[in-house]
Amino acid sequence: MNPTPSRERICLLTGGGYPYRRDALGGWCRTLVEGLRRFRFELLTVTDRELPSAPAYPLPFNVGSAHAAALGRDPARAERRRGPVPDGAADAAALLCRGLLADETPVTALFADGLRRLTGLCPPGDDTDPLAALPLTDALQDAWRQRPAHTADGTPLPRLSVRDARTAATLLRHALRAVTVPVPEVELVHCVGGTTPLLAALAGHWRAGTPLLLTEARAAVPRQRPAEDRLSPSVRTVLRRFRIAVARTGYTEAELIAPLSTYHHGWALGHGAAPTRLVQVPAGVDPREYPGAAEVAETPTVVWAGSGGPDSGLGLVLEAFTEVAAAVPGVVLHLVGVTAAHEEHCAEQIERTGLGRTIRLHPLPADPRDRYTVGQVVAHVPGPADPPYRLVEAMMSGRAVVGVDVGPAAETLGATGILVPAGDPSELAIAIVGLLRAPGRRRALGDAARQRALSHFTVDRVVRVYGALYTDLAAPPPATAFELALTVPAPRTTTPATVRWLTRETS
């Protein structure tokens, strides 16, 4: 019999994923929600993509609601005329822009102050769109003129033209619309994701004082997205610094931060997170979903798992496979987990290789048992924003892994696989060919990888730790109490334990 959900309500806030899209992060969120059935979840995803029509995962009984908020262009908003600048908007924009262009390593208080003031100008769910009148172009130009000529490492900053300032302001205004997303009334907001969901979580945290738990779910880098390579250097600089400033503000405001690895832990420390607020919780998967299986394919077979999009690592995999195919006759590459939105892009990239007959394209399988065991070697080439879950899944499936040495790959894989330098398709191909030609070695590595995953990366550990964090952070505050009046007051910052137990609740 399932336990009755507790009174603690948790808002699980993601960036366009669970429960509407099936991906590695969505699967992790699903196991968390289904594993913590004593809590009641309100699911909120904030996305600038097309709104999904229905959840991709069935919702368990402890989910109270599931809502997707789209930040895409709203024709009704686009037709509205820009109104007068709200009181305080100019000051908020100036603080925001001066803060994101500052060079200090700790979180810039100016940026956080500006973002908090801006949140106060944007009531959640308000259709008046106060961001349309936010004077970001002028604020960016003023802040750019006041900036140092070089960054802290001596790199000169590019020139910001009026056109660049307008472009950057438009992109910032679009990103900042996340602060207008209403966050449910809950005891705890658990933000899983990047800049967009964190902006919504910070706004909800400031408006209601709700505790915030932040999970570093993706690679901790201020990444450039594929469509941004057409932007000018100054606009890319603004966007990169904006994402860093939002992350630093999240580190400062969150009650607890749960990095996935030592790699994420170190990045958070270097960007202002207090060591006492960091609780490292490694990725985990359910061994029952990835039971491992003996090799069944006699044909040399390589597997890569990813979305298949422009930012997924697919290009490097196909470059390497071209060299593998030249060295190993009859080799086959399986691309699994390709999302429907990227099937066309993936097919175009395959056609360019001229190896279409040796590459199999698979949408995300319903049964994860088939995801990796179809092959003999797994090539782990993640995109810059991919969490390490696919690496753990491959290890749990008992397959030998050749991984690219980025992010937490080295500490996750340990000595149970092969790591190659990032951005080098030839080294990746050499390692794959070596394992395809050495069945004994690859099976030994696959067995070792599964044992390592069973020892360190199971979902029951993740659920247990997050259950404790939820209980601590979502618990009601202690009742107001008063101390005994001491005859000789002593200077102190906290109530001594010998006195605390004597206090009594006020009526």
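Which residue in E5 is the bridge partner of His-190? I looked this up in what is a predicted model, and found that His-190 has Leu-213 as its bridge partner in E5.

**Entry 1, strand E4 and its neighbours.** I then followed the pairing along E4 and noted that Cys-191 is bridged to Leu-214 in E5. In total, 4 bridges join E4 (residues 188-192) to E5 (residues 212-216), and the two strands run parallel. Turning to E1, I counted 5 bridges between E1 and E4, again with the strands running parallel, and I found Ile-10 opposite Leu-188 of E4.

I also checked the burial of E4, where 5 of its 5 residues are buried. Leu-188, His-190 and Val-192 point one way from the strand, while Val-189 and Cys-191 point the other way, and every one of these residues is buried.

**Entry 2, the whole sheet.** Stepping back from E4, I traced an open sheet of 6 strands with parallel pairing, in the order E3-E2-E1-E4-E5-E6. Its edge strands are E3 (63-70) and E6 (256-259), each of which pairs on one side only. From one strand to the next, I recorded a twist that averages 15 degrees.

**Entry 3, the nonpolar cores.** I next went through the largest nonpolar core, which has 61 residues, and noted that Leu-13, Leu-115, Leu-136 and Leu-176 touch the most other members. Helix H8 (residues 233-253) gives this core its largest share, 8 residues. The core takes at least three residues from each of domain 1 (1-72 + 177-284 + 458-506) and domain 2 (89-173).

For Leu-115 I listed the contacts, leaving aside neighbours within four places in sequence, and obtained Leu-96, Leu-176, Val-179, Leu-199, Leu-202 and Trp-206. Apart from this core I found another, of 50 residues, which includes Phe-39, Phe-41, Val-303 and Ala-409.

**Entry 4, aromatic rings.** My count of aromatic pairs came to 9. One of them joins Tyr-18 and Tyr-57, whose rings are tilted, at 5.6 Å centre to centre and with 45 degrees between the planes. Because Tyr-18 lies in the loop between strand E1 (9-14) and helix H1 (24-35), and Tyr-57 in the loop between strand E2 (40-47) and E3, I note that the pair ties together parts that are 39 residues apart in sequence. Both Tyr-18 and Tyr-57 are buried.

Finally, I recorded one aromatic cluster formed by Trp-28, Phe-39, Phe-41, Tyr-389, Tyr-466 and Tyr-470; Phe-39 and Phe-41 are also among the residues of the 50-residue core.

Definitions and conventions
Residues are numbered from 1 along each chain as its sequence is written. This is a predicted model: local features need pLDDT of at least 70, side-chain atom pairs count only at pLDDT 80 or more; totals for chains, interfaces and linings use all residues. Side-chain values use heavy atoms; hydrogens and water are left out. Two strands pair if DSSP finds at least two bridges between them. Axes are lines fitted to C-alpha atoms, for helices over the stretch in contact, and angles run from 0 to 180 degrees between N-to-C directions. A nonpolar core is a set of buried Ala, Val, Leu, Ile, Met, Phe, Trp, Tyr and Cys residues joined through side-chain atoms within 4.5 Å. Buried means under 20% relative accessible area, exposed over 50%, partly exposed in between (1.4 Å probe, protein chains only). Domain bounds come from an automatic or database domain assignment. Contact means heavy atoms within 4.5 Å. Rings of Phe, Tyr and Trp (its six-membered ring) pair if their centres lie within 6.5 Å; planes under 30 degrees apart count as stacked, over 60 as edge-to-face and the rest as tilted.
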